[in-house]
Amino acid sequence: MSNNAAFDTAEAIMNLKVDEVLSWVKAQLAIDTPPLEVIEGLTKGLEKLGDRFSVGECFIPELIRGGDIFLKAMELIRPVLEAQKTEMKRVGSLLIGTVKGDLHDLGKNLVRIIFMTAGFEVTDLGKDLPAERFVDEIERLKPDIVGLSALLTTTTEQQRVVIEALKAANLREKVKVIVGGAPVNQRWADEIGADAYGADAIDGLRKAKALLGIT
Ligand code: B1M
């Protein structure tokens with residue numbers, strides 16, 4: 001990434017400088033900065049924004065605006081990522097969604113793009129999904145992996161609810177479960193009996209491939 005110390009994505013997002021952020025993204029892509037590094041810069045910006053929100057330095061409208069800026073930036077980055085997708089055979093299938101009570105979907109959408117770029121067939125169920133929806137779709141589509149996204153401390157419990165519902169439906173042994181989201185960690189994944197924890201989209205992809213025995 002170009003070492004433009006003067007540009008702070010968080011600051012630009014905070015100040016609702018959409019044009020500045022988009023110009024920065026375009027400039028980075030023009031100098032062939034790897035798209036994942038550009039995304040990392042944007043994600044760090046959103047994290048900082050979240051930190052300011054948690055100490056009362058900004059409010060919901062800024063979070064919404066930050067999310068919108070991230071989305072607009074992703075529209076610029078997505079074609080570059082997709083262009084990197086070479087003719088590859090289908091490596092597996094992923095069903096992904098954000099759990100019940102949770103409306104955060106930027107990270108899930110990013111995971112979707114990264115898995116698709118790597119040759120996975122991806123079905124994105126959306127957000128705020130009850131456990132029964134996961135169970136029904138897993139029964140119908142028989143994916144190799146299910147990704148459960150949760151961004152709120154209160155909604156991580158829903159990841160456990162989905163895993164328990166899979167057990168009750170005799171589906172748990174038929175699908176690998178990866179959990180992700182800002183408040184999630186390996187300990188939580190172990191506690192609820194997930195197969196893996198995805199710290200970010202790339203880590204999730206690495207773990208998915210390992211679970212499927214793909215090198
Ligand atoms: Co919300 N929010 N938010 N928010 N928001 C957080 C999560 C928060 C940490 C901010 C903070 O206080 N510091 C905080 C949660 C605190 C907590 O519970 N511990 C919070 C809060 C409190 C809330 C509300 C409750 C605020 C309110 O209304 N009072 C509310 C909840 C609404 C609801 O869901 N019911 C709310 C609302 C919103 C917006 C709608 C305004 C907006 C979301 C827009 C959208 O998603 N369409 C929003 C945003 C933007 C954020 C922050 C700032 C950014 C989240 C984000 O998109 N990050 C966030 C701060 C933070 O996360 N530090 C915050 C970028 C994204 C690329 O990363 O989502 O982590 P992430 O995804 C990563 C990994 O986690 C991983 O890979 C992804 C890509 O690399 N991953 C997986 C995730 N899922 C995976 C699945 C996998 C694999 C990997 O499966 C294979």
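This is a conversation about a predicted model, its ligand with a cobalt atom, its strands and a few individual residues.

Visitor: Before I start, what are the ground rules for this predicted model?

Guide: Local features need pLDDT of at least 70 and side-chain atom pairs count only at pLDDT 80 or more, while totals for chains, interfaces and linings use all residues. Residues are numbered from 1 along each chain as its sequence is written, and side-chain values use heavy atoms, with hydrogens and water left out.

Visitor: OK, which protein atom is the donor of the cobalt atom?

Guide: The only protein donor is NE2 of His104, at 2.2 Å from the cobalt atom of the ligand. Donors here are N, O and S atoms within 2.8 Å of the metal (3.2 Å for Na, K and Ca), and as water is not among the atoms, sites may look incomplete.

Visitor: And where is His104 found?

Guide: His104 is in the loop between strand S1 (92-99) and helix H5 (106-117). Helices (H or I, at least four residues) and strands (E, at least two) are DSSP runs, numbered from the N terminus.

Visitor: How many residues surround the ligand?

Guide: The ligand is surrounded by 32 residues, and the closest are Gly50, Leu103, His104, Asp105 and Thr153; a residue counts as near if one of its heavy atoms lies within 4 Å of the molecule. By type, the shell divides into 16 nonpolar, twelve polar and four charged residues, where Ala, Val, Leu, Ile, Met, Phe, Trp, Tyr, Cys and Pro count as nonpolar, Asp, Glu, Lys and Arg as charged, and the others, Gly among them, as polar.

Visitor: Which element gives the largest share of that shell?

Guide: Helix H3 does, with six residues. H3 (35-54), helix H4 (60-83), H5, strand S3 (145-149) and strand S4 (176-180) each supply at least two residues of the shell.

Visitor: What polar side-chain atom lies 2.6 Å from a nitrogen atom of the ligand?

Guide: That atom belongs to Thr153. Backbone atoms come in too: a backbone N or O atom of Gly50 lies 2.8 Å from a nitrogen atom of the ligand, and a polar backbone atom of Leu103 is 2.7 Å from an oxygen atom of the ligand. A polar contact is a pair of N or O atoms within 3.5 Å; within protein, one must be able to donate a hydrogen and the other to accept it, and residues adjacent in sequence count only if both atoms are side-chain atoms.

Visitor: Back to H3 for a second: is Arg52 buried or exposed?

Guide: Arg52, which lies in helix H3, counts as buried because its relative accessibility is 18%. Buried means under 20% relative accessible area, exposed over 50% and partly exposed in between (1.4 Å probe, protein chains only).

Visitor: Changing topic, how many residues of S1 are buried?

Guide: Eight of the eight residues of S1 are buried, and the strand is mostly covered. S1 pairs in the parallel sense with S2 over seven bridges and with S3 over five bridges, where strands pair if DSSP finds at least two bridges between them. Leu95 stands opposite Thr123 in S2, whereas Leu94 stands opposite Ile145 in S3.

Visitor: And why is S4 largely enclosed?

Guide: Four of the five residues of S4 are buried, so the rest of the structure largely encloses this strand. S4 runs parallel to S3, joined by five bridges, and pairs in the parallel sense with strand S5 (residues 196-198) over three bridges. Ile178 in S4 stands opposite Gly147, and the bridge partner of Ile178 in S5 is Ala196.

Visitor: Which helix joins S3 and S4 in a β-α-β unit?

Guide: Helix H7 (residues 156-168) makes a right-handed β-α-β unit with S3 and S4; right-handed means that, with the strands pointing away from the viewer, the path from the first strand over the helix to the second runs clockwise. S1, H5 and S2 also make a right-handed β-α-β unit.

Visitor: Last one, what is phi of Lys142?

Guide: Phi of Lys142 is positive, about 50 degrees, although Lys142 is not a glycine. Most residues other than glycine have a negative phi. Lys142 lies in the loop between helix H6 (131-141) and S3 and is exposed, with a relative accessible area of 63%.
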